[in-house]
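Biologist: I'm new to reading structures, so please pick one small part and take a close look at it with me. After that, walk me outwards through the rest, step by step.

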Amino acid sequence: MRPLVESGPGDEVVVIAGLTKRYGPRTVVDDLSLTVRRGEVYGFLGPNGAGKTTTLRALLGLVRPTSGTATVLGRPAGSPSAGVGALIEGPGFYPYLSGRENLRVLARYAGAPAGRVDAVLDTVDLTDRARDRYSTYSLGMKQRLGVAAALLKDPELVVLDEPTNGLDPAGISDMRALLRRLSADGHTVLLSSHLLGEVEQVCDRVAVISSGRLVVESSVGELLGLRRLVIEAEPLGEAAAITTRLLGPERVSVVDGVVHAQAGPEDAARINRALVLADVEVSGLRQEAQTLEAVFLQMTGSELAVADPDPDDRPAQRTGRLSRRGATR
Ligand SMILES: Nc1ncnc2c1ncn2[C@@H]1O[C@H](COP(=O)(O)OP(=O)(O)OP(=O)(O)O)[C@@H](O)[C@H]1O
C-alpha cells in the first residue's frame, strides 16, 4: 500500500459541493460534498440505493444536479475532457469480436492512438486472451476489458462504478490487483462499492454515504484507528472513573463488568500507568480493532455488505483524526 498522498492546493481532482439530486419528491443525493485528491484511490461506499451511481453520473455530466456543483480537474462536470475515463454502465462490446478488436473499435471512435490498445490490454492483464472472442470471457475479464476501455485515452482520473459487482473471489482479487496497478501507474481512482473488504484493502480514503447524505469522509486508516480498549480491573468503578478523567465521558462506558474505552495504543499505556498509580488492580488490558463494518454500523445504524477479506492483504493501519460530517436520516 502506498503512503497517503500529501495534498496541497491544486491537488483536488474531484470537488463535489452541496450536490443534490431529486427525482420528483424523492431526494436521492442530498447536499453531498467531497473531495478526491490527486493520486489517491478513493472509495465511495454505501449500501444499495444510497445514491452512489447517481453521484458518479452527475460527476460525468450524465445527470443534471438539482442543485450544487461537481468539478473534475477544475472543469464543470461533463465538460469534454481527455482527463476522465469511466466505467459506469458496462460499455457495449461486440460479443463476436475479440477483446483487442473491440478496443480497436473504441479507440478509433474515441480518437485514442491505436498503440494504446495493447498497452491497456497489458495493464488489465488480458494480453493472453486478447485474440479470443468477447463472448468467451468470464465476467471478471469482461469487467477488466471495461476498465481497459476507460484507460484508452490515458485519463488522469478513472471512475469505476462497483467494479467488483457480481465477481467471484478470484475475479475480485484480480480487480483489486488492477486497482493497485492503476494507482501505481499514477492514475487517480474513484470507485464506488458496497463491499467493505474491497474498500478497506485498496482505498486511501473513503466517503461513506447513506440515503444520499455523507456520513463520513476520512482515510481508511483513520476510520479503522477508532479502536476499542477493553480494561478488566478491580475496583471497576474506580477504573472507569480514572479512564473517564483521562479520555472524557463520551469515550468510556462500562459493559458486562469491563471498561470499554475508545482509545488507541498510545492511550493504553497512559491509562495503565494511571490505574496502577491509583492502586487499581489491572487484570486485563487489550486492544480490539474495529472493522469498517462496525464503524459503518455505528454511524448509520444500517449494515453494509462485507466482501471476502483476504487476511494476507490488509493495509497497514494508520491513525489520525476523524472528521465526521452530516447526519443520517
Ligand atoms: N432516473 C431515476 N428516476 C427515479 N429514481 C431514480 C433514478 N435513478 C436512480 N433513482 C433512485 O435513486 C436512488 C439511488 O440510486 P443509485 O443507483 O444512485 O444508488 P446506488 O448507491 O448506486 O445503489 P446501487 O448500488 O443499488 O446501484 C435509488 O432509490 C434509485 O431507485
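**A close look at one turn**

Modeller: Let's start at serine 211, which sits in the loop between strand 9 and strand 10. Keep in mind that this is a predicted model. What is phi at serine 211? Its value is near 50°, so to speak on the positive side, and serine 211 is a residue other than glycine. That deserves a second glance, since most residues other than glycine have a negative phi.

How covered is this spot? Serine 211 has 18 other C-beta atoms within 10 Å, so it counts as partly exposed. To be called buried, a residue needs 20 or more.

Now look at what the turn connects. Strand 9 (residues 205-210) and strand 10 make a hairpin, with two residues between them. The two strands pair in the antiparallel sense, over six bridges. Right by the turn, serine 210 stands opposite arginine 213 in strand 10. Strand 10 itself covers residues 213-219, and seven of its seven residues are buried. So to put the picture together: a partly exposed serine 211 leads into a strand that is mostly covered.

There's another hairpin to set beside this one. Strand 1 (residues 12-23) and strand 2 (residues 26-37) pair in the antiparallel sense over eight bridges. They also have two residues between them, and the turn includes glycine 24, with a positive phi of about 60°. Far along the pair, glutamate 12 has arginine 37 as its bridge partner in strand 2.

Strand 1 has a second partner too. Five bridges join it to strand 4 (residues 67-72), and the two run antiparallel. Follow the pairs with your finger: valine 14 stands opposite valine 72, while valine 15 has threonine 71 as its bridge partner. Put these strands in order and you get an open sheet of four strands, 2-1-4-5, with antiparallel pairing. Strand 2 and strand 5 (75-76) are at the edges with a single partner strand each, so one side of each has no neighbour in the sheet.

Back to backbone oddities like the one at serine 211. Aspartate 154 also has a positive phi, about 45°, although it is not a glycine. You'll find aspartate 154 in the loop between helix 4 and strand 7. Its C-beta has 16 neighbours inside 10 Å, so aspartate 154 counts as partly exposed. Aspartate 279 comes after helix 9 and has a positive phi near 65°. A glycine does something of this sort as well: glycine 186, just after helix 5, has a positive phi of about 100°.

One more oddity concerns a peptide bond. Glutamate 234 and proline 235 are joined by a cis bond, with omega about -5°. Proline 235 belongs to the loop between strand 11 (228-234) and helix 8 (236-247). Most peptide bonds are trans.

Since we've mentioned helix 5, let's check it with a bit of arithmetic. It runs over residues 169-184, and at 1.5 Å a residue its 16 residues should span 22 Å; the end C-alpha atoms are 23 Å apart, which agrees. Helix 9 (residues 265-277) passes as well: 13 residues should span 18 Å, and its ends are 19 Å apart.

Which residues of helix 5 are buried? They are Ile172, Asp174, Met175, Arg176, Leu178, Leu179, Leu182 and Ser183. When you look at that list, remember that residues three or four places apart in an α-helix point the same way, because there are 3.6 residues a turn. The buried residues of helix 5 pack against several elements, including strand 3 (41-45), strand 8 (188-193) and helix 6 (196-202).

Next, the ligand. Among the residues around it are Tyr23, Val28, Lys52, Thr53, Thr54 and His194. Helix 1 (residues 52-59) gives the most to this shell, with three residues. By class, the shell has three nonpolar, seven polar and one charged residues.

Finally, zoom all the way out. The protein chain comes to ten helices and 14 strands, and 40% of its 329 residues are buried. The domain assignment gives domain 1 (12-83 + 155-223) and domain 2 (227-288), and their centres, taken over C-alpha atoms, are 39 Å apart.

Notes: Residues are numbered from 1 along each chain as its sequence is written. This is a predicted model: local features need pLDDT of at least 70, side-chain atom pairs count only at pLDDT 80 or more; totals for chains, interfaces and linings use all residues. A residue is near a molecule or strand if its C-beta atom, placed from the backbone, lies within 6 Å of it. Ala, Val, Leu, Ile, Met, Phe, Trp, Tyr, Cys and Pro count as nonpolar, Asp, Glu, Lys and Arg as charged, and the others, Gly among them, as polar. The expected span of a helix is 1.5 Å times one less than its number of residues. A residue is buried if 20 or more other C-beta atoms lie within 10 Å of its own, exposed if 12 or fewer, and partly exposed in between; C-beta atoms are placed from the backbone. Two residues are in contact if their C-beta atoms, placed from the backbone, lie within 7 Å. Domain bounds come from an automatic or database domain assignment. Two strands pair if DSSP finds at least two bridges between them.
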